[in-house]
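Colleague: I am new to this structure. Please take me through one part of it closely.

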Amino acid sequence: MKTWLLSALCIGGAAAAQPVPLRIATGELPPYATAGRPDQGVALQIVRRAFELGGHRVSYHFLPWSRAQQETKAGLWDASAYWGASDQRRRDFLLSDTVLVEQWVMVHRRELDFDWQQLEDLKPWRIGVIRDYTYTPAFWKLVNQGELRSDATPDDLTGLRKLLLDRIDVLPIELNVACDLLAKHFSPAQAAQLAAHPRRLTDSFTTHLLLPPQVARSPALLSDFNRGLALLRSSGEYARILASVQCPRNWIQAPRSAAQIPESRP
């Protein structure tokens with residue numbers, strides 16, 4: 001009986017010692033964040049493993065992106081993953097080190113004689129624009145000033161469909177997000193009608209974990225996360241997670257020449 005009681009107390013004590021998982025608000029953006037993958041997406045897997053290496057378990061809660069950001073700002077969640085680093089977010093949140101760098105490209109119909117070197121070159125084209133996206137400050141400035149012909153578009157899937165229907169000419173979209181959507185929602189023949197210009201909208205679209213600064217433990221969680229993220233990168237596991245993203249290349253437009261594609265900046 002004493003042995004049984006001792007075992008029960010040990011088991012109960014171990015269970016009680018298990019920390020409550022951090023509650024992280026997120027949204028759907030396959031293949032980076034999604035309830036439809038076993039790992040819940042590449043970016044969320046990186047965040048999960050970084051926190052585990054920093055001594056924490058996590059639990060993801062999928063919400064509309066705007067709501068996830070607003071409720072995290074109000075302190076209703078421990079953190080939100082994952083977001084581009086806008087000036088507004090730097091004012092409203094504590095931002096982690098870079099989770100990953102996204103690859104934003106201009107997708108267009110292959111038949112379109114489309115080229116661009118600077119943002120002003122986009123003025124002749126109808127551009128699908130999604131309101132909550134970060135893009136770059138320079139891009140949004142031209143859109144808000146009416147210098148670019150923007151077309152309000154609710155999401156990336158709708159934008160790709162608009163391209164095929166000739167309702168817009170160009171869609172700024174993250175490369176791997178485009179690949180995932182094309183594979184899931186379009187036939188190979190439809191995907192073949194589209195091409196991605198080799199020039200990036202920016203080479204510096206870093207993404208981050210957001211934490212509410214008014215919550216007392218946020219600075220400590222940020223430190224634990226950044227420490228775990230550094231360990232993840234140095235272990236090689238980080239590179240293996242990123243390598244799980246497979247993007248078909250047959251629809252990507254080949255670069256015209258290295259000289260015609262200058263290095264871009266945000």
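Colleague: What covers the buried residues of α7?

Modeller: First, the ground rules. This is a predicted model, where local features need pLDDT of at least 70, side-chain atom pairs count only at pLDDT 80 or more, and totals for chains, interfaces and linings use all residues. Residues are numbered from 1 along each chain as its sequence is written, and side-chain values use heavy atoms, with hydrogens and water left out.

Now the setting. The protein chain has 10 helices and 11 strands. Both are DSSP runs, numbered from the N terminus: helices are H or I with at least four residues, strands are E with at least two. Buried residues make up 48% of the 266 residues in the chain. Buried means under 20% relative accessible area, exposed over 50%, and partly exposed in between, with a 1.4 Å probe and protein chains only.

Your helix, α7, spans residues 175–185. Eight of its 11 residues are buried, so α7 is largely enclosed by the rest of the structure. Those buried residues are L175, N176, V177, A178, C179, D180, L181 and L182. Their cover includes two helices and three strands by name: α6 and α8 (188–191), plus β6 (104–109), β9 (170–174) and β10 (194–200).

Look closer at α6, residues 156–164. The axes of α6 and α7 come within 10 Å and cross at roughly 70°. Axes here are lines fitted to C-alpha atoms, for helices over the stretch in contact, and angles run from 0 to 180 degrees between N-to-C directions. That crossing makes α6 roughly perpendicular to α7. The label covers 65 to 115 degrees; under 35 counts as roughly parallel, over 145 as roughly antiparallel, and the rest as oblique.

Which residues touch? From α6 come D156, L157, L160 and R161; from α7 come V177, A178, L181, L182 and H185. Contact means heavy atoms within 4.5 Å. By type, the residues of this contact divide into six nonpolar, one polar and two charged. Ala, Val, Leu, Ile, Met, Phe, Trp, Tyr, Cys and Pro count as nonpolar, Asp, Glu, Lys and Arg as charged, and the others, Gly among them, as polar. A helix rule helps in reading such lists. An α-helix has 3.6 residues a turn, so residues three or four places apart point the same way.

Last, a wider view. Residues 24 or more positions apart account for 74% of the chain's contacts with a separation of 6 or more.
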